[in-house]
Amino acid sequence: MKITLHATPDITPRPLIAEVILETGALLNIDRADVKPKGGEVVIDVPEDECERVVAAFKKRGATITCLKQPIIKDDDECINCGACISVCPTGVISFMDDWSVQMDLDKCVQCGACVTMCPHGALTVGK
Ligand code: SF4
Ligand code: SF4
């Protein structure tokens, strides 16, 4: 399960992620971090069975967390299976199937948004 930590100026100086790892013992993997002094967001991969405890530990520390049900959403009615999104994906989420339709392995998605920009048909949106 992927979660987004919305960093605000009051929490960015604090070692929140380290604290949550120490408290929960969960092996958190930072997929993407875009944090500036005024705030930003960090996408974190959390083991499915630890998710509830991890989210609670972040919230206890005043952090805002969003659970990402789907990191990237493809509108199959708009997708023309051109494959333009495949070449820009840094983590190999998207690939062609035997019938040349595109498939997505969403566990690998780090929500960089590169495929959204590349798609000529507006078929992709970043999940919230
Ligand atoms: S958002 Fe980035 S990582 Fe996710 S599928 Fe698109 S290009 Fe790949
Ligand atoms: S770039 Fe857009 S239209 Fe082309 S395969 Fe990817 S999602 Fe489909």
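This is a short dialogue on reading the features of a predicted model.

Q: How many helices and strands does the protein have, and how do the elements run?
A: Start with the inventory. The protein has four helices and eight strands. From the N terminus, the order is β-α-β-β-α-β-β-α-β-β-α-β.

Q: What box do the C-alpha atoms fill?
A: Take the principal axes as the frame. Along them the box is roughly 45 × 30 × 20 Å.

Q: How is the protein divided into domains?
A: Domain 1 covers 2–68 and domain 2 covers 72–126. Over C-alpha atoms, the centres of the two domains are 26 Å apart.

Q: What is the strand order in the sheet of four strands?
A: Read a sheet across its strands, not along the chain. Here the order is E2-E3-E1-E4. The sheet is open and its pairing is antiparallel. Strand E2 (29–36) and strand E4 (64–68) are the edges, each pairing on one side only. Ignoring direction, neighbouring strands are turned by 15 degrees on average.

Q: Which strands does E1 pair with, and over how many bridges?
A: Strand E1 spans residues 2–7 and pairs with E4 over five bridges, in the antiparallel sense. E1 is also joined to strand E3, residues 39–45, by six bridges, again antiparallel. For a register check, pick single residues. Ile3 has Ile44 as its bridge partner in E3. His6 has Thr64 as its bridge partner in E4.

Q: Which helix packs on this sheet, and which strands does it touch?
A: Helix H2, residues 51–60, packs on it and touches E1 and E4. The direction of H2 makes about 155 degrees with that of E4.

Q: Where do side chains point along a strand?
A: In a regular strand they alternate between the two faces of the sheet.

Q: Is Thr64 buried, exposed or partly exposed, and why?
A: Count neighbours. Thr64 is found in strand E4. Thr64 is partly exposed because 13 other C-beta atoms lie within 10 Å. A residue counts as exposed at 12 or fewer and as buried at 20 or more.

Q: What share of the whole protein counts as buried?
A: The figure is 23% of the 128 residues.

Q: How far apart are Thr64 and Cys79 in sequence and in space?
A: Set both separations side by side. Thr64 and Cys79 are 15 residues apart in sequence. From C-alpha to C-alpha they are 33 Å apart in space.

Q: What share of the contacts joins residues 24 or more positions apart?
A: Fix the base of the percentage before quoting it. Among contacts with a separation of 6 or more, such pairs account for 65%.

Q: Which residues come closest to ligand 2?
A: List the shell, then sort it by class. Ligand 2 is surrounded by 14 residues, and the closest are Cys79, Cys82, Ala84, Cys85 and Cys119. By class, this shell has ten nonpolar, three polar and one charged residues.

Q: Which residues come nearest to ligand 1, and how does its shell divide by class?
A: Repeat the procedure. Of the 14 residues around ligand 1, the nearest are Cys89, Val93, Cys109, Cys112 and Cys115. The shell around ligand 1 has eleven nonpolar and three polar residues, with no charged ones.

Terms used
Residues are numbered from 1 along each chain as its sequence is written. Chains are lettered from A and ligands numbered from 1 in the order in which they are written. This is a predicted model: local features need pLDDT of at least 70, side-chain atom pairs count only at pLDDT 80 or more; totals for chains, interfaces and linings use all residues. A residue is near a molecule or strand if its C-beta atom, placed from the backbone, lies within 6 Å of it. Ala, Val, Leu, Ile, Met, Phe, Trp, Tyr, Cys and Pro count as nonpolar, Asp, Glu, Lys and Arg as charged, and the others, Gly among them, as polar. Domain bounds come from an automatic or database domain assignment. Two strands pair if DSSP finds at least two bridges between them. Helices (H or I, at least four residues) and strands (E, at least two) are DSSP runs, numbered from the N terminus. Axes are lines fitted to C-alpha atoms, for helices over the stretch in contact, and angles run from 0 to 180 degrees between N-to-C directions. Two residues are in contact if their C-beta atoms, placed from the backbone, lie within 7 Å.
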